[in-house]
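Colleague: Before I use this model, I would like to go through the terms attached to it. Please show it to me, and then I will ask what stands behind each word.

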Amino acid sequence: MNLKGLHIPEYDSGYREKLDPESIIKSFAGRLKYSLGKDKFTTTPHDFFLSFSFAIRDRLTSRWIETQRRYYKDDVKRVYYLSMEFLLGRLLGNALINLGAYSDAVIAMNKLNYNIEELREYEWEAALGNGGLGRLAACFLDSMATLQIPAYGYGIRYEYGMFFQHIVNGFQVETPDNWLRYTNPWEIQRPEYIYPVKFMGKVNQYKDYKGLLKTDWIDTDYVMAVAYDYPIPGYKNDTVNTLRLWSAKSTRDFNLDYFNSGNYIKAVESKNNSEVISKVLYPNDNTMSGKILRLKQEYFFVSATLQDIMRRFEKQHNNYNDLPQKVSVQLNDTHPALAVADLLRILIDEKGLSWESAWGITEKVFAYTNHTILPEALEKWRVELFEKMLPRHLQIIYEINRRFLDKVWTIYPGDIDKLRNLSIIEEGSEKKIQMAKLAIIGSHSVNGVSAMHTELLKDKIFKDFHEIFPEKFNNKTNGITQRRWLKLANPRLSNLLKEYISLDWALDLRKLKDIEKYAEDKDFCDKWKQVKMHNKITFTNYIEKQMNISIDPDSLFDFQVKRIHEYKRQFLNILHTIYLYNRIRKTPYKEFVPRTVFFAGKAAPGYTTAKLIIKLINSVSHQLNNDPVTRDFLKVVYIPNYSVSIAEMIFPAAELSQQISTAGTEASGTGNMKFALNGALTIGTLDGANIEIKEQVGKENIFIFGMNSEEVQKLRDSGYTPHIYYENNSELKKVIEMIATGFFSPENPELFRPIVDSLLYWGDQYMLFADFDSYAQCQEKVSQTYADSDKWTKMSIKNVANMGIFSSDRSIKQYAEEIWGIKVNRI
């Protein structure tokens with residue numbers, strides 16, 4: 001059917017687009033009846049949530065369609081943000097905030113005798129990320145829409161997401177997070193956008209009738225990528241951008257011959273093998289099958305995305321030299337780095353361009369964000385694995401490397417070490433492809449995510465690349481969206497700010513600076529304290545209901561919430577907690593500042609040490625929380641299955657934010673920003689964005705301890721001996737002996753021996769012992785300051801007032817104007 005000449009009259013949406021309460025109620029009633037087939041006698045609370053969400057999505061959809069029309073009409077340059085993770089959180093509240101319809105929605109629900117906060121609890125959170133990387137991507141999408149940048153997010157629609165974390169006998173136990181079990185009201189399947197993704201096969205090269213070398217990738221296996229779209233609304237601007245997630249589908253769902261012969265398992269084998277690609281985020285890659293699956297995931301989403309980008313470009317353009325003027329692709333870490341090789345393959349093999357032309361286009365299209373300093377976190381893939389799974393891409397990567405090393409040789413003639421350091425291919429007993437190097441060579445921009453991180457990239461991690469490409473390297477400090485992390489998550493504080501300085505900060509976070517003058521206003525400070533206490537009580541009630549743990553809301557609420565990893569040093573935190581426990585027991589009649597130490601975060605399923613740290617935290621919690629001598633002064637709580645929605649309760653209640661990674665290991669961090677934006681004070685090292693937070697809030701309004709990155713390196717180079725610190729600190733020694741001898745694990749005294757040995761005998765890689773004394777002294781200063789509630793409150797206000805620079809709007813404006821070549825006019 002020829003649809004181009006078809007006349008489709010404009011639909012009179014009427015009340016479906018309006019934001020007043022009566023229109024919302026009409027939409028809700030219509031959706032309940034016509035979309036779900038329910039009435040007041042058969043509806044369930046979840047039906048109520050779905051109908052209301054569909055009604056709000058209707059309001060987004062009209063704006064969504066108009067936004068896309070405008071992009072085509074204006075022939076805009078588009079930004080494509082490629083990320084393996086998008087940790088979106090619940091979408092209903094965010095949609096209402098950005099539509100400017102939250103208060104109208106509350107009125108509408110009240111008229112239906114329903115509480116909107118209770119309604120939001122029925123939304124099943126999409127677990128499409130594991131912390132900072134995925135949440136940053138979600139914040140960036142929000143800011144791109146708010147700043148009206150024509151942008152698209154691309155990722156994978158993981159059927160089971162990360163995993164659901166249970167704590168059983170203190171251990172982390174993972175179960176599938178079946179977030180798609182119930183209808184997801186926000187996604188729209190686009191079956192018309194389905195692309196074949198190739199794997200394996202062989203490469204056939206030949207000369208055409210003109211004598212030109214041609215390449216075909218043949219005899220491949222295929223998987224189909226099907227698009228699912230999510231609307232991403234900007235803040236009060238009628239712009240709705242798109243997040244497109246790919247789901248893997250088999251080219252052959254069912255083999256009837258096998259089924260008829262009784263081999264029912266074989267009948268669906270092809271379907272299962274294909275569709276496993278989009279089942280789980282980050283499969284355990286300790287096995288070869290896990291490595292193969294992860295490589296398949298990365299290429300699957302890169303291939304489908306580039307096919308989609310080229311389809312959109314070719315709608316209005318046929319000259320591929322124009323691609324960099326209309327397309328900018330941002331690689332969020334190394335996971336999508338294969339896009340460099342795949343775009344070259346498309347331009348050369350499918351579009352017929354020369355290598356030189358294709359390379360010039362590719363380099364101008366791509367930009368790369370590095371998110372890690374740790375060498376082990378920089379992705380490497382075995383050459384033999386590439387040879388099997390992606391043979392054509394291996395050829396292309398080898399050719400990229402050959403041409404690049406030829407250039408290096410002309411700059412550094414005879415310098416073999418330079419060639420080795422700069423080569424994409426890591427030589428050795430097992431050759432590997434270094435994906436970060438591919439991304440650097442194939443991009444026109446390489447950015448770090450905090451000032452210190454970027455300097456480490458330039459001076460240490462990628463020093464040789466910086467010498468060749470100094471113009472490529474730049475810093476774009478991470479940021480967070482204040483719409484979700486303050487306006488939505490902390491309505492009590494938002495209302496107080498509105499009372500004094502209006503709501504302009506929701507668009508321009510720098511406006512928060514106006515509250516700094518109220519740090520000396522007693523009435524304002526009293527209201528600030530009341531807001532924090534109300535938030536603490538709300539959180540206390542949640543913990544008591546969910547975990548059956550009673551918490552004193554007058555205690556210092558001390559949080560460390562982040563992915564569980566040795567470099568983030570949750571172990572240091574729990575060592576100090578045991579140290580406090582011993583002090584209280586030693587002098588039980590001395591006055592102590594009551595403290596509740598909260599932990600939350602997930603460990604990778606194959607990360608044994610991190611999972612043992614979780615067990616230690618829970619074992620310490622059991623001991624402390626049941627000790628009648630200490631439990632009124634010190635408690636430990638491990639909050640299971642940390643998520644965006646739980647974070648939205650944590651940040652408003654928090655008073656102390658632990659950002660204690662070894663200096664020189666954390667790229668940036670964004671949890672530090674979310675805590676500070678909600679009035680928590682930071683205790684941390686001079687690492688990542690902590691440095692910039694200190695610069696903004698002032699050294700007198702933050703608690704800094706430990707070595708800086710230069711001192712860490714100097715100590716490491718001089719020969720760090722953790723045993724010296726252990727022997728010279730009797731209180732630390734006692735803490736370690738308690739752990740090592742089974743005080744917290746009497747049923748298995750040797751249980752925690754591996755993590756103790758990692759400090760005493762395996763080098764204490766992240767220098768917990770070296771920083772412990774400074775950390776303990778700084779924590780004592782925290783307690784002394786907290787005892788002076790007026791001083792603490794003033795520091796809290798000054799932290800919030802100086803968070804303006806940490807908005808993701810600022811970050812994205814810098815990306816747009818300095819990397820993507822797009823002017824931003826909104827802030």
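Modeller: What follows is a set of questions about the words used for this structure, which is a predicted model.

Colleague: What makes the overall dimensions of the chain agree with a compact globule?

Modeller: For 827 residues, a compact globule would have a radius of gyration near 28 Å, and the chain has 28 Å, so the two agree. The C-alpha atoms fill a box of roughly 95 × 75 × 65 Å along the principal axes. Within that box the chain forms 34 helices and 22 strands.

Colleague: How much of the chain is buried, and what does the word require?

Modeller: Buried means a relative accessible area under 20%. Of the 827 residues, 59% are buried. The chain exposes about 33,700 Å², and carbon and sulfur atoms supply 50% of that area.

Colleague: How do you know what share of the contacts joins residues 24 or more positions apart?

Modeller: A contact requires heavy atoms within 4.5 Å. Among contacts with a separation of 6 or more, 76% are between residues 24 or more positions apart.

Colleague: What is there to say about the charges?

Modeller: The chain has 107 positive and 103 negative side chains. The centres of the two sets lie 3 Å apart.

Colleague: What makes a group of residues a nonpolar core?

Modeller: The members must be buried residues of the nonpolar kinds, joined through side-chain atoms within 4.5 Å. The largest such core here has 205 residues, and Phe52, Ile149 and Phe300 touch the most other members. Helix α10, residues 288–314, gives the largest share of this core, 12 residues. A second, separate core has 66 residues, including Ala603, Leu681, Phe705 and Val782.

Colleague: Which residues does Phe300 contact, leaving aside its neighbours within four places in sequence?

Modeller: Among them are Ile156, Val197, Phe199, Val223, Met224 and Trp246. Ser247 and Ile277 are also in contact with Phe300.

Colleague: Why is Arg312 called buried or exposed?

Modeller: Its relative accessible area is 5%, and the limit for buried is under 20%, so Arg312 is buried. Arg312 is found in helix α10. Beyond neighbours within four places in sequence, Arg312 is in contact with Tyr72, Arg78, Tyr80, Tyr152, Tyr154 and Arg244.

Colleague: Why is helix α25 described as largely enclosed by the rest of the structure?

Modeller: Nine of the 10 residues of α25, residues 644–653, are buried, so the description holds. The buried residues of α25 include Val644, Ile646, Glu648, Phe651 and Pro652.

Colleague: Why does Thr43 count as buried, exposed or partly exposed?

Modeller: Thr43 has 24% relative accessibility. Partly exposed lies between the 20% and 50% limits, so Thr43 counts as partly exposed. Thr43 is found in the loop between α1 (21–34) and α2 (45–74). Not counting residues up to four places away in sequence, Thr43 touches Leu32, Lys38 and Phe48. Thr43 and Glu818 are 775 residues apart in sequence and 52 Å apart in space, C-alpha to C-alpha.

Colleague: How do you know whether Thr596 is buried or exposed?

Modeller: Thr596 has 2% relative accessibility, and buried means under 20%, so Thr596 counts as buried. The residue sits in strand β18, residues 595–600. Apart from residues up to four places away in sequence, Thr596 touches Ile551, Ser555, Leu556, Phe557, Asp558, Lys635 and Val637.

Colleague: Where are Lys236 and Asn237, and why do they get different labels?

Modeller: Lys236 lies in the loop between β8 and β9, and Asn237 is also found in the loop between β8 (221–233) and β9 (240–249). Lys236 has a relative accessible area of 47% and is therefore partly exposed. Asn237 has 13% and is therefore buried. Not counting residues up to four places away in sequence, Asn237 touches Ala145, Thr146, Gln148 and Arg826.

Colleague: What is the phi of Lys236, and what is the phi of Asp333?

Modeller: Lys236 has a positive phi of about 50° although it is not a glycine. Asp333 has a phi near 80°, also a positive value in a residue other than glycine. Asp333 lies in the loop between β10 (327–332) and α12 (338–350). At 10% relative accessibility, Asp333 counts as buried.

Conventions:
Residues numbered from 1 in each chain as written. Predicted model: local features only at pLDDT ≥ 70, side-chain atom pairs only at ≥ 80, totals over all residues. Heavy atoms only, no water. Helix = DSSP H or I, 4+ residues; strand = E, 2+ residues; numbered from the N terminus. Rg over C-alpha atoms; globule rule 2.2 N^0.38 Å. Buried < 20%, exposed > 50% of the residue type's maximum accessible area, 1.4 Å probe, protein only. Areas by Shrake-Rupley, 256 points an atom, 1.4 Å probe, with all protein chains shown as cover. Lys, Arg positive; Asp, Glu negative; His and termini not counted. Charge placed at Lys NZ, Arg CZ, Asp CG, Glu CD.
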